[in-house]
Amino acid sequence: MALLKYESQVRPPLIEGDKSYHQITEDIVRPIEARPSKLWWFGFIFAVLLLIFGIFSVTREVIYGIGQWNLHKTVGWGWDITNFVWWVGIGHAGTLISAILLLFRQGWRTGVNRAAEAMTIFAVMCAGQFPIWHMGRVWMAFFVLPYPNTRGSLWPNFNSPLLWDVFAVGTYFTVSVLFWYCGLLPDLATVRDRAKLKWRKFFYGLTSFGWSGSTKHWQRHESLSLILAGLATPLVLSVHTIVSFDFATSVIPGWHTTIFPPYFVAGAVFSGFAMVQTLLIITRRVFRLQEYITLEHIDVMNKIIVTTGSIVGIAYLTELFVAWYSQNPYEQSQFMQSRANLFTPYGWAYYIMMSCNVLSPQIFWSRKMRRNLTVTFFMSIIVNIGMWFERFVIIVSSIYRDYLPSSWATYYSPSIWEVGFYLGTFGLFFTCYFLFSKFFPVIALAEIKHILKKSGDNYKGKMGEAERETPEAFAHEMAHAH
Amino acid sequence: MAIKKFVVGSFEDEAVLFQAVKKVRLAGYKLHDVFTPMPIHGLDKAMGLRETSIPTAGFIYGITGTTTALCGISYVLAYDWPLNIGGKPHFALPAWIPIMFELTVLFSAVGMVLTFCYLCQMAPFVRKHHFSLRATDDRFVMVVECTEKTNEEQLKSFLQQAGADEINTQNAETGWWLGSYSKNKKPFENPNTILA
């Protein structure tokens, strides 16, 4: 039967243990039906407290203006835009896993895609906060929307990368939510059909939209997922490309660089996978999902981390080379002095970036390290610190020394409210993630069931005869039956 | 919608189900639907369902998005309020490509998902008859409609021979897409194969 695709025996199983379809449902729905653990409550309350501190910090900024953040001339973009780029970048791994790996038919994505997509959505929500609150007079935010108005009529400038960004991030968020939710529908229906409690029946009945599992619906669903993946793939590349245009289309030395789009996209995937590792190593432990998120998954993602980390490393070196090769004194001063010189005010940040992003991931050339959870968890945090510093280096070290030494800024360091805002987005992110992991299946149930018979531990090896008849042959047979 | 009678057979193994679908169709029973916990590739072909037209819809929504962006931006920047920026052309097409692309994707994605929900009649608060609660867990549920010509007992034993291990009869009010099905409009490609 062609419906059970044969998979090479060389590939390790993606689902460990002796599983049946029902067992998969039990394992993955268990955390939803059980009472939340103490650990969950602890994490959730901590996240909410961070969120409250973030809200407080933002409130101060709204009341007193963005002077609350230590931004000044010439550093007009500091932590806020750094954090914006960082969060958007983190989102990219989710889309890479759910869309690009779907197009490439990678079976291992099924174990991690749901949580990674959720991460994408929450990360983009966090990212969106920064440009919005950075507007200062946030009650005027609707000015960026293109609608006929009585101000002249004053339109936004469609030639500006900042407006492209509004469209790119907005579209990215919408498409990610749609993609994620469409994938959730069958799984929510599974929870609904098992529900015993009244509120659970109501809630999952509401959220599963009456999904029945009809073959026609599955056919449409598969088609929809494939096309959405096809749309999301160029979309995710476009989003960080456009984010990099915010810098690359300017004339600031250090920003005005044509390699920014691929360099930013690689960096985004790099940091995103690190965040996926952080979340999944905790999730699999807390919800006891080690048989679905296996060491094999961790291993594969670490390979992506070392690949993208090295791409980012090449981009850093290319920047240095081009600065030297251009013979442009401003470029050279930017790269040779403001960045690569350890003894300038922000030289330390450049070397944190280099060591966290380029040197330390090289440890993952070793298979033993790739499969070591402690090392992976530690590295995932290191990578995210490194990637935060990458954005900080690009943004701040390019603008704190303007063309004239008279406008060389005093040292920029953030205020507590600027840091508080950043911590607040962590609160928002983890509050959402904790709620998600409590109320939604963190692993795509239907997709795991779909690969069970080719990648399940107890099925691998039994599938030698599986490929005898193709659906096309069967359809052909049917057509000639009458 | 009319209330109809269905014989519902539940299968444990999708490989058995596949053969059963084939047998039921060959015997000429009116196969209503098969409910499965996960997508089963090729089952739609085996059931004789036509291809879905969601990709076509997505394309149409997509070009609508492109056109909206192009018309909107050119109206604003080249007609309604042209700005002279260093003597550059008002109709600056290359600079509009990002937004044109984004709106293409946005319109296409939103449109397709709404179309999907419309076609499958899915929305919050929609009530449907679910033939088996385990169809979303681990069972493969085949639903065969009883017409006036169908012998119910014969059909039941037929399903049992085909490999179903739980068989029952249910009366259900038919949903939206079943409604057009009953008028032989669709969803099956070749209604002539229905013999009994």
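Which residues in H11(A) meet residues in H13(A)? In this predicted model, Ala349(A), Tyr350(A), Ile352(A), Met353(A), Cys356(A) and Asn357(A) are the ones that H11(A) supplies. On the other side, H13(A) supplies Ile382(A), Val383(A), Ile385(A), Gly386(A), Met387(A), Phe389(A), Glu390(A), Phe392(A), Val393(A) and Ser397(A). By class, this contact of H11(A) with H13(A) has 12 nonpolar, 3 polar and 1 charged residues. Helix H11 covers residues 347-359 of chain A and helix H13 covers residues 373-399 of chain A. The two pack at an angle of about 145°, and their axes are 8 Å apart. Their crossing is left-handed.

Another helix of chain A is H2, residues 38-64. H2(A) has 27 residues and spans 39 Å from its first C-alpha to its last, close to the 39 Å expected at 1.5 Å a residue. The buried residues in H2(A) include Ala47(A), Leu50(A), Leu51(A), Gly54(A), Ser57(A), Val58(A) and Glu61(A). An α-helix has 3.6 residues a turn, so residues three or four places apart point the same way. The buried residues of H2(A) pack against two helices of chain A, H4 (109-134) and H14 (416-439). Just after H2(A) comes Gly65(A), with a positive phi of about 90°.

Two loops of chain A hold further positive phi values. Most residues other than glycine have a negative phi. Arg105(A), a residue other than glycine, has a positive phi near 55°. Arg105(A) sits in the loop between helix H3 (79-103) and H4 of chain A. Is Arg105(A) buried or exposed? Arg105(A) counts as exposed because it has 8 C-beta neighbours inside 10 Å, and the exposed class takes 12 or fewer. Phe209(A) is not a glycine either, and its phi is positive at about 60°. Phe209(A) lies in the loop between helix H6 (198-207) and helix H7 (215-248) of chain A. Phe209(A) has 21 C-beta neighbours inside 10 Å and therefore counts as buried; the buried class starts at 20.

Chain B comes next. Chain B has 6 helices and 4 strands, and along the sequence they follow the pattern β-α-β-α-α-α-β-α-β-α. Chain B has 196 residues, of which 40% count as buried. Among contacts in chain B with a separation of 6 or more, 81% are between residues 24 or more positions apart.

The strands of chain B form an open sheet of 4 strands in the order E2-E3-E1-E4, with antiparallel pairing. Strands of a sheet pair through backbone hydrogen bonds, either parallel or antiparallel. Which strands are at the edges of the sheet? The edge strands are E2 and E4 (166-173) of chain B, each of which pairs on one side only. On average, neighbouring strands of the sheet are turned by 30° against each other, with direction ignored. E2(B) and strand E3 (residues 140-145) of chain B run antiparallel and are joined by 5 bridges. Within this pair, Val34(B) stands opposite Met142(B) in E3(B).

Two helices lie against these strands. H1(B) lies across strand E1 (3-11), E2 and E3 of chain B, and runs at about 10° to E3(B). Helix H5 (residues 152-162) of chain B packs on the sheet as well, touching E1, E3 and E4 of chain B. The direction of H5(B) makes about 20° with that of E1(B).

Helix H3 (residues 54-80) and helix H4 (residues 93-119) of chain B pack on each other at an angle of about 145°, with axes 7 Å apart. Their crossing is right-handed. Among the residues that meet here are Ile54(B), Tyr61(B) and Ile73(B) in H3(B), and Trp96(B), Leu103(B) and Phe116(B) in H4(B). This contact has 14 nonpolar, 10 polar and no charged residues.

The last step is the meeting of the two chains. In all, 65 residues of chain B are in contact with 58 residues of chain A. At least two residues of this side of chain B come from each of H1 (14-27), E2 (30-35), H2 (43-47), H3 and H4 of chain B. H4(B) gives the most, with 16 residues. By class, the side of chain B that touches chain A has 43 nonpolar, 11 polar and 11 charged residues.

Key:
Residues are numbered from 1 along each chain as its sequence is written. Chains are lettered from A and ligands numbered from 1 in the order in which they are written. This is a predicted model: local features need pLDDT of at least 70, side-chain atom pairs count only at pLDDT 80 or more; totals for chains, interfaces and linings use all residues. Axes are lines fitted to C-alpha atoms, for helices over the stretch in contact, and angles run from 0 to 180 degrees between N-to-C directions. A crossing is left-handed if the near helix is turned anticlockwise from the far one by less than a right angle, and right-handed if clockwise. Two residues are in contact if their C-beta atoms, placed from the backbone, lie within 7 Å. Ala, Val, Leu, Ile, Met, Phe, Trp, Tyr, Cys and Pro count as nonpolar, Asp, Glu, Lys and Arg as charged, and the others, Gly among them, as polar. Two strands pair if DSSP finds at least two bridges between them. The expected span of a helix is 1.5 Å times one less than its number of residues.
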